[in-house]
Amino acid sequence: LVVNGEVRDTWPVRPEERRGTEWRRESDLRFDRDAWIIAVVRGQRSLHPVVQERAGSDGPDRAPLPFAITNPIFMDVDGNGRFDPPLPGSILLRPR
């Protein structure tokens, strides 16, 4: 899990712990201000033969590796009805 751009929790996914495509974990992360969270999943085995495109040289060991990322979940921790970004200070937009 990535919280506000920082990796905060990791778990290995073992095949014996899955049921089909479902895999669940719980985290006891605590928040003192609004936060955004994403999940990132990376595989270590090539996607060959499912993905036939090669990533450079020819051969199944050069096929792409699995990678997935979720959309962010925005948490309104302070309960003010809006998401207040956790970045310090204001963000100035450049005029066009």
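Where is the place of Glu17 in the chain? Glu17 sits in the loop between strand 2 and strand 3. The model described here is a predicted one.

**The chain as a whole**

The secondary structure consists of six strands and zero helices. Read from the N terminus, the elements follow the order β-β-β-β-β-β. The chain has 96 residues, and 11% of them count as buried. Its exposed area is about 8,600 Å², of which carbon and sulfur atoms supply 51%. If contacts between residues at least 6 apart in sequence are taken, 57% of them join residues at least 24 apart.

**The loop between strand 2 and strand 3**

Strand 2 covers residues 6-7 and strand 3 covers residues 35-38. The loop between them holds Glu17, and Asp9 and Asp34 are found there too.

Glu17 has a relative accessibility of 33%, so it counts as partly exposed. With its neighbours within four places in sequence left aside, Glu17 is in contact with Pro12, Trp23 and Arg25.

Asp9 is buried, yet it has no salt bridge. Its nearest side chain of opposite charge belongs to Arg8, 7.7 Å away. A salt bridge requires the two atoms to be within 4 Å, so Arg8 at 7.7 Å does not form one with Asp9. The side chain of Asp9 does make a polar contact with the side chain of Ser27, at 2.5 Å. Ser27 also appears among the contacts of Asp9 beyond four places in sequence, together with Leu1 and Leu29.

Asp34 is likewise buried and without a salt bridge. For Asp34, the nearest side chain of opposite charge is that of Arg82, 6.7 Å away. What does the side chain of Asp34 reach at 2.8 Å? It reaches the backbone nitrogen of Asp84. The side chain of Asp34 also reaches the backbone nitrogen of Asp78, at 3.2 Å. Leaving out neighbours within four places in sequence, the contacts of Asp34 include Asn4, Met75, Val77, Phe83 and Pro86. Arg82 and Asp84 are also among them.

The polar contacts made by the side chains of these two aspartates are set out below.

| Side chain | Partner | Distance |
|---|---|---|
| Asp9 | Ser27, side chain | 2.5 Å |
| Asp34 | Asp78, backbone nitrogen | 3.2 Å |
| Asp34 | Asp84, backbone nitrogen | 2.8 Å |

**The salt bridge**

Side chains of opposite charge can pair when their charged atoms come close. How many salt bridges does a search of the whole structure find? The search finds one. Asp84 forms a salt bridge with Arg82, and their closest N and O atoms are 2.8 Å apart. Are the two partners buried or exposed? Arg82 has a relative accessible area of 53%, so it is exposed. Asp84 counts as partly exposed because its relative accessibility is 24%. Both Arg82 and Asp84 are in contact with Asp34.

**Asn4**

Asn4 lies in the loop between strand 1, residues 2-3, and strand 2. Most residues other than glycine have a negative phi. Asn4 is not a glycine, but its phi is positive, at about 50 degrees. With a relative accessible area of 26%, Asn4 is partly exposed. Asn4 is also one of the residues in contact with Asp34.

**A nonpolar patch on the surface**

Which residues make the nonpolar surface patch of about 290 Å²? The patch is made by Val40, Phe67 and Ile69. Val40 belongs to strand 4, which spans residues 40-42. Val40 counts as partly exposed because its relative accessibility is 31%. Residues of a patch need over 30% relative accessible area, so Val40 at 31% passes that cut-off.

Conventions. Residues numbered from 1 in each chain as written. Predicted model: local features only at pLDDT ≥ 70, side-chain atom pairs only at ≥ 80, totals over all residues. Heavy atoms only, no water. Helix = DSSP H or I, 4+ residues; strand = E, 2+ residues; numbered from the N terminus. Buried < 20%, exposed > 50% of the residue type's maximum accessible area, 1.4 Å probe, protein only. Lys, Arg positive; Asp, Glu negative; His and termini not counted. Polar contact = N/O pair within 3.5 Å; in protein donor to acceptor, adjacent residues only side chain to side chain. Contact = heavy atoms within 4.5 Å. Patch = residues over 30% accessible without salt bridge, like charges linked within 9 Å, V, L, I, M, F, W, Y side chains within 5 Å. Areas by Shrake-Rupley, 256 points an atom, 1.4 Å probe, with all protein chains shown as cover.
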